[in-house]
Amino acid sequence: YEQLFFQEHQLPSTVLIQSSNNMHIEVRNTIFLALAVFGYVALWRFAGQNGTFGMMREWSSQNRLPGTGETYATEFTRWRGLDEFIRSLLTIFWPMVNGTQPGSSLMCFYFAGQGIAAWILTALEGQRHSNKGNWRVISFITAYGLLFQGLGIGIIGPIFLLFAPLGDRRTSSVFVHYRTDVDAIIPATIGGIIVPTVLMSLHEPTVISLEQKVDLIRLWQFFPLLFRLGQRVWTGFISVWLSSYGDELAEKDPQVQRRAFRRVYTFGLCCAAVPHVGTIAISLMSLFFPSFFAGKLATEFHPWNLFVPVSPLSGAQARTVGDGAHWFLQWDMILMFCTYLVWAYFADIKVKYPDSGVVSPHLILRMLGWSLLFGPMGAALLAMWERDDVVFDAEEQKIESRKGMAAKIASFSKTEYKGD
C-alpha cells in the first residue's frame with residue numbers, strides 16, 4: 001500500500017518536472033532557430049544585396065587588398081580551393097586590421113575579447129564528460145570553430161547550441177574526465193588565439209612586412225586548429241612532467257575540478273572585461289569629449305558607429321569593402337551576444353531558479369548588470385559559472401552524505417563487534 005501511495009503522488013511531480021524541462025528546451029531552441037534565420041538575412045543576404053560580396057570578388061580576382069590596392073601572394077596552403085576561400089576572408093578582415101578604419105579596428109578589438117570568452121565557454125562545455133564521453137555534437141568544438149570562421153558565428157552558433165543539453169540540478173553534469181582538459185584551455189587560448197590575434201594586428205610596414213601581415217591574417221583563420229594543437233601539447237606532454245596530475249582520484253575530486261574551472265572562468269572573464277571597459281571608455285570619451293580626438297576619430301569611435309549596425313532591410317549600399325565588412329562583423333557580434341546570452345540564461349535558470357518558469361526577472365536583471373560591467377559574454381560566462389557552482393555544491397553534498405553514511409555504518413559495525 002505504501003509503495004502504491006508513493007507512486008501515485010510521485011507521478012504528477014515527475015510529469016511536471018518533465019513538462020517544465022521540455023518547455024525550457026522548446027523555448028530556447030525556438031529562439032536559436034529564429035536567430036539562425038535572422039543571421040542568414042543579416043549576414044549573407046544583406047552582404048549580397050549591399051554590394052559587399054561583389055566588391056570582394058572584384059578585389060580578390062585582381063589579387064589586390066581592398067582600399068590600399070597592394071598585391072600579395074595568393075598561395076598559402078597549396079590547396080587551390082581552400083586558398084581561394086581564405087583569400088575572400090582576407091579581403092573582409094584586411095580593412096579591419098590595417099589601420100585605415102580606426103572605428104572598425106576598435107570594434108574588432110571588442111569583438112575579439114568577447115569572442116574569446118565565448119570560445120572558452122564552448123570549450124568548457126565540449127570537455128564535460130557527459131558531452132565528450134557520449135560524442136555529442138557540442139563536443140566537436142574544432143569543427144564548430146572552423147565552420148563559423150567561414151560562415152559566421154551569427155549563423156553557426158545558434159545551430160550548434162541547439163544540441164547543447166539542458167538539465168536541472170539533478171541531471172546537469174559539469175564534470176570533466178581529467179582536470180588537465182580544463183587546465184589546458186588557458187595556455188591553448190593564449191598560444192592559439194591571443195598570440196595570433198596580436199600578431200596579425202601589428203602595424204605594417206613599421207613592425208612587420210606586408211606579406212607577413214597577410215600571412216598572419218590568413219593563419220588566424222585557423223585558430224580553432226591552433227587551439228586544439230595547444231590543448232594536445234599541454235595534455236600530452238607538459239602535464240606528464242607535473243607531479244600534481246599524478247593522482248587520478250584527485251583529478252576527479254569535485255573540489256579539485258571546481259578550482260580548475262574557477263581559474264578558467266576567471267581568465268575568460270578578464271578576456272571579456274578588459275576590452276569591454278577599454279572600448280566603452282574610449283567610445284564614451286568620443287561622445288562626451290569629441291575635442292580630445294583628432295580628425296574624424298571622434299566619429300569613428302562614436303558608440304553609434306561601433307555598436308549600432310545598419311538594418312539589413314534598409315536597402316543601404318556599402319561604398320567600400322570596409323563599410324560592408326564593418327556591417328557584417330557588427331551583426332555577427334550582436335548575434336553571437338544574443339546566442340550565448342540565451343544559452344547561458346536557460347542553463348542557469350534550470351539549475352539556480354528551478355521554480356521561476358521560463359522567465360526570471362531576477363536573473364534577467366543580474367545578467368543585464370553583468371553585461372554593463374563585463375560585456376555580454378562576461379554576463380554569459382558568469383551565468384554558466386553560477387550554474388556550475390550550484391551543481392558542484394550538490395555533488396559535494398552527495399559525497400559528504402555518503403561519507404557520513406559510511407561512517408555511521410562503520411561505527412555501528414564496531415559497536416556490534418564489541419557487543420559480541
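pLDDT is the predictor's confidence in each residue, on a scale from 0 to 100. Helices are DSSP runs of H or I with at least four residues, numbered from the N terminus.

What you're looking at is a predicted model, in which local features need pLDDT of at least 70 and side-chain atom pairs count only at pLDDT 80 or more, while totals for chains, interfaces and linings use all residues. Residues are numbered from 1 along each chain as its sequence is written, and side-chain values use heavy atoms, with hydrogens and water left out.

**Exercise 1. Find which helix has the lowest confidence and which has the highest, then look at residues 1-17.**

Solution. Start with the whole protein chain: its mean pLDDT is 87, and 86% of its residues reach 70 or more. Next, go helix by helix. Helix 12 (residues 248-251) sits at the bottom with a mean of 56, and helix 7 (residues 153-161) is at the top with 97. Finally, check residues 1-17, where pLDDT stays under 50. For that stretch the model has two contacts (heavy atoms within 4.5 Å) beyond four places in sequence. Where pLDDT is low, the predicted coordinates should not be read in detail.

**Exercise 2. Work out how far helix 4 reaches, and whether Ala118 is buried or exposed.**

Solution. First, the span. Helix 4 has 26 residues, and from its first C-alpha to its last it covers 37 Å. That is close to the expected 38 Å, where the expected span is 1.5 Å times one less than the number of residues.

Second, the surroundings. Buried means under 20% relative accessible area, exposed means over 50%, and partly exposed is in between (1.4 Å probe, protein chains only). In helix 4, 21 of the 26 residues are buried, so the helix is largely enclosed by the rest of the structure.

Third, zoom in on Ala118, which belongs to helix 4 (residues 102-127). Ala118 is buried because its relative accessibility is 1%. Leaving aside residues up to four places away in sequence, Ala118 touches Met336, Tyr340 and Met377. Met377 is 259 residues from Ala118 along the chain, yet their C-alpha atoms are 6.1 Å apart.

**Exercise 3. Say how many disulfides there are, and why Cys270 has no bond to Cys271.**

Solution. Take the rule first: a disulfide is a pair of cysteine sulfur atoms within 2.5 Å. By that rule, the count is zero. Now try Cys270. Its closest cysteine sulfur is the one in Cys271, 7.0 Å away, so it's too far for a bond. As for accessibility, Cys270 is partly exposed at 44%, and Cys338 is partly exposed at 33%.

**Exercise 4. Count the salt bridges, then describe the ones that Arg179, Asp215 and Asp323 form.**

Solution. A salt bridge is a side-chain nitrogen of Lys or Arg within 4 Å of a carboxyl oxygen of Asp or Glu. Searching the whole structure turns up 13 of them.

- Arg179 pairs with Asp183, with 3.3 Å between the closest N and O atoms. Both lie in helix 8 (residues 179-183), four residues apart, about one turn of the helix. Arg179 is buried at 12% relative accessibility, and Asp183 is buried at 9%.
- Asp215 pairs with Arg218, and here the closest N and O atoms are 2.8 Å apart. These two lie in helix 10 (residues 210-220), three residues apart, again about one turn. Asp215 is partly exposed at 30%, whereas Arg218 is buried at 2%.
- Asp323 pairs with Arg319, the closest N and O atoms being 3.2 Å apart. Asp323 is buried at 18%, whereas Arg319 is exposed at 72%.

One more step: salt bridges that share partners link Glu125, Arg128, Arg387 and Asp388 into one network.

A tip for the helix pairs: an α-helix has 3.6 residues a turn, so residues three or four places apart point the same way.

**Exercise 5. Locate the cis peptide bond between Glu204 and Pro205, and the positive phi angles of Asn63 and Trp135.**

Solution. Begin with the peptide bond: Glu204 and Pro205 are joined in cis, with omega about 10°. Pro205 is in the loop between helix 9 (185-200) and helix 10.

Then turn to phi. Asn63 isn't a glycine, but its phi is positive, about 55°. You'll find Asn63 in the loop between helix 2 (52-61) and helix 3 (80-97), and at 25% relative accessibility it's partly exposed.

Trp135 isn't a glycine either, and its phi is positive at about 55°. Look for Trp135 in the loop between helix 5 (129-132) and helix 6 (141-151). With a relative accessible area of 65%, Trp135 is exposed.
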